[in-house]
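Here are a few exercises to work through with the model open in your viewer. Try each task before you read its solution.

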Amino acid sequence: MPSTRSLRGLQHVACPACSRPLKDAVTIACGHSVCLPCLPRTPMGAQLLCPLCQEKEEEQTQPAVTPVPLGALGETCCEEHGEKIYFFCETDAELLCVFCRESPAHQAHTVGFLDEAIQPYRDRLRSRLEALRTERDKIEDRKCEEDQKLRELLTQIESKKQQVEATFERLKQELGDQRHLLMTRLEGLEQQIWKEREEYITKVSQEVHRLGAQVEELEEKCQRPASELLQDVRLNQSRYETKTFVSPEAISSDLAKKIRNLHRKILGLPKMMRTFSENLMHHLETDSETEA
């Protein structure tokens with residue numbers, strides 16, 4: 001059997017089977033050198049046959065001989081024999097060169113050409129790749145959908161924040177308006193009280209002044225002699241008769257009614273505000289428990 005090194009020169013010889021330059025050539029023990037693809041496909045585990053001597057060998061029932069490869073012509077080579085890998089043992093999941101294929105260790109195994117054996121694996125990988133891509137796309141779509149929902153929720157939350165802020169600002173404005181109204185009414189009552197007080201003090205002071213003048217005049221007359229007093233006793237008696245003084249009201253009934261009405265409203269104001277605050281707190285706490 002010729003050596004591998006001596007056969008490397010056959011790489012540029014035409015293949016007798018296909019008449020093209022030898023490609024991945026092997027030299028069979030019969031002496032013929034052919035392209036590896038030109039070798040007849042045999043059942044798994046069977047020996048390789050020369051395509052030129054096959055009919056003659058079959059007639060002579062000669063056993064097939066082991067081919068000799070022409071060296072490492074490809075990228076992947078057998079570490080043991082240094083020859084190019086052409087076959088794949090499915091039983092041991094090993095890559096084989098022509099020498100490995102004919103060895104006793106793989107004779108009973110399922111062995112096929114590398115390009116044929118790899119196809120099912122490629123198909124499975126492609127199927128798995130397609131499934132992974134589909135799963136990835138589904139997850140990406142789901143992520144986009146959920147992210148869109150979250151963005152919408154964030155937009156709603158921002159809107160609710162503005163709504164709450166506007167509601168309490170409006171409530172603050174309304175309470176401020178009511179406060180201003182009450183203060184205006186109280187100031188009006190205050191001014192009316194001051195006015196009626198001034199009128200009352202003026203009237204009472206005038207009466208006090210009138211009575212004071214009479215007291216002084218009578219005190220002076222009491223010091224006179226009896227003869228002078230008796231001369232105008234009748235006149236003085238009618239002049240100094242006690243007149244009933246009708247004391248004016250310090251506060252008019254209309255003003256008193258206004259004060260009472262406003263007092264009742266202000267008196268119930270703290271309770272009303274406390275009730276509102278409790279109702280608001282209960283409403284918000286109830287909503288929080290429902291959400292939880």
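The exercises below go from the overall layout to single residues, and keep in mind that this is a predicted model.

**Exercise 1. Work out the order of helices and strands, and how much of the chain is buried.**

Step one: count the elements, which gives 8 helices and 6 strands. Step two: walk along from the N terminus, and you should read α-β-β-α-β-β-β-α-β-α-α-α-α-α. Step three: look at burial, where 18% of the 292 residues make the cut. Step four: turn to the surface, with about 22,100 Å² exposed and 55% of that supplied by carbon and sulfur atoms. Last, take the contacts with a separation of 6 or more: residues 24 or more positions apart account for 45% of them.

**Exercise 2. Find which residues of the largest nonpolar core touch the most other members.**

Start with the core, a set of 19 residues. Rank its members by how many others they touch, and Cys 15, Leu 36, Phe 87 and Leu 96 come out on top. Now ask which elements give two or more residues to this core: strand S2 (33-35), strand S4 (87-89), helix H3 (98-102) and strand S6 (111-113). Finally, zoom in on Cys 15. Skipping residues up to four places away in sequence, Cys 15 touches Arg 20, Pro 21 and Leu 22, and also Val 34, Cys 35 and Cys 38.

**Exercise 3. Describe the lining of the second largest pocket and say which helix gives the most to it.**

First, the volume: about 370 Å³. Next, list the lining, which has 15 residues; Leu 175, Gln 178, Arg 179, Leu 182 and Leu 269 are the ones nearest the centre. Then sort the lining by element. Helices H4 (114-222), H7 (253-267) and H8 (269-291) each supply at least two residues, and H4 gives the most, with 9. To finish, sort by chemistry: you get 10 nonpolar, 1 polar and 4 charged residues.

**Exercise 4. Check the phi of Ala 93 and decide whether this residue is buried or exposed.**

Begin with the background: most residues other than glycine have a negative phi. Ala 93 has a positive one, near 55°. Next, place the residue: Ala 93 sits in the loop between S4 and strand S5 (94-96). Then apply the cut-off for exposed, which is over 50% relative accessible area. Ala 93 has 53%, so this residue counts as exposed.

Methods. Residues are numbered from 1 along each chain as its sequence is written. This is a predicted model: local features need pLDDT of at least 70, side-chain atom pairs count only at pLDDT 80 or more; totals for chains, interfaces and linings use all residues. Side-chain values use heavy atoms; hydrogens and water are left out. A nonpolar core is a set of buried Ala, Val, Leu, Ile, Met, Phe, Trp, Tyr and Cys residues joined through side-chain atoms within 4.5 Å. Buried means under 20% relative accessible area, exposed over 50%, partly exposed in between (1.4 Å probe, protein chains only). Helices (H or I, at least four residues) and strands (E, at least two) are DSSP runs, numbered from the N terminus. Contact means heavy atoms within 4.5 Å. On a 1 Å grid over the protein atoms alone, a cavity is a set of points where a 1.4 Å probe fits but cannot get out, and a pocket is an open set with protein on both sides within 12 Å along at least five of seven lines; lining residues have an atom within 4 Å of a point. Grid points are joined across faces, edges and corners, and a volume is the space filled by probe spheres set on the points. Ala, Val, Leu, Ile, Met, Phe, Trp, Tyr, Cys and Pro count as nonpolar, Asp, Glu, Lys and Arg as charged, and the others, Gly among them, as polar. Accessible areas come from the Shrake-Rupley method with a 1.4 Å probe; for residues, only the protein chains shown count as cover.
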